[in-house]
Amino acid sequence: MDKSTVCALALALGAFMQFNTVYTLDSSSNLTAKPGGCPRRKWGSGMCAEFCSDDSDCPNEEKCCHNGCGHQCITPYKVKPGRCALPQGTPMCAEYCYHDGQCPGEQKCCRTTCGHACSEPC
């Protein structure tokens with residue numbers, strides 16, 4: 001098979017999976033987001049398929065997250081209380097953290113001038 005045929009088949013399968021799903025809700029259904037946050041993509045993208053549409057489609061504590069192309073169930077990261085201050089000062093262009101769970105104590109993973117680092121919330 002040539003590359004264009006494989007791409008066309010992959011797109012058709014993704015469309016079939018996305019549009020062939022029937023969702024039913026009754027009045028007792030409660031769609032609420034699970035705690036935590038979806039991890040930021042470090043590079044590339046995941047499969048272009050819709051494996052979930054919201055957190056209730058995922059087992060245990062997993063959340064329905066965008067994978068760069070479609071959606072899939074992923075273990076979330078912890079979001080600590082508080083807010084990050086606006087970046088200031090000398091440019092800091094490194095990724096010292098990707099989410100709050102990687103920071104000690106009450107610190108949050110906050111945006112720097114061009115990266116992320118642990119800092120005290122405001």
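**Exercise 1. Work out why Cys122 has no disulfide partner, and whether Cys122 is buried or exposed.**

Step 1: look for a partner. The closest cysteine sulfur to that of Cys122 sits in Cys84, 7.3 Å away, which is too far for a bond. For the cut-off, a disulfide is a pair of cysteine sulfur atoms within 2.5 Å.

Step 2: check the surface. Cys122 has a relative accessible area of 66%, so Cys122 is exposed. Here buried means under 20% relative accessible area, exposed over 50%, and partly exposed in between (1.4 Å probe, protein chains only).

A word on the model: it is predicted, so local features need pLDDT of at least 70 and side-chain atom pairs count only at pLDDT 80 or more, while totals for chains, interfaces and linings use all residues. Residues are numbered from 1 along each chain as its sequence is written, and side-chain values use heavy atoms, with hydrogens and water left out.

**Exercise 2. Find the handedness of the disulfide of Cys38 and Cys65, and say which parts of the chain the pair links.**

Step 1: the structure holds eight disulfides, and in this one the sulfur atoms are 2.0 Å apart.

Step 2: the torsion about the S-S bond is about -80°, so the link is left-handed.

Step 3: Cys38 is in the loop between helix 1 (3-19) and strand 1, while Cys65 is in strand 1, 27 residues apart. Helices (H or I, at least four residues) and strands (E, at least two) are DSSP runs, numbered from the N terminus.

Step 4: Cys38 is partly exposed at 28%, whereas Cys65 is buried at 1%.

**Exercise 3. Do the handedness exercise again for Cys97 with Cys109 and for Cys103 with Cys118.**

Step 1: Cys97 and Cys109 have 95° about the S-S bond, a right-handed link. Both cysteines of this pair are buried.

Step 2: for Cys103 and Cys118 the torsion is about -85°, so that disulfide is left-handed. Cys103 lies in the loop between strand 2 and strand 3, and Cys118 in strand 4 (residues 116-119). Cys103 is buried at 6%, but Cys118 is partly exposed at 27%.

**Exercise 4. Lys80 is buried: which side chain of opposite charge is nearest, and how far away?**

Step 1: Glu106 is the nearest, at 6.6 Å, and Lys80 has no salt bridge (a side-chain nitrogen of Lys or Arg within 4 Å of a carboxyl oxygen of Asp or Glu).

Step 2: now try the backbone. The oxygen of Gln107 lies 3.1 Å from a polar atom of the Lys80 side chain.

Note on methods. Lys and Arg count as positive and Asp and Glu as negative; His and the chain ends are not counted. A polar contact is a pair of N or O atoms within 3.5 Å; within protein, one must be able to donate a hydrogen and the other to accept it, and residues adjacent in sequence count only if both atoms are side-chain atoms.
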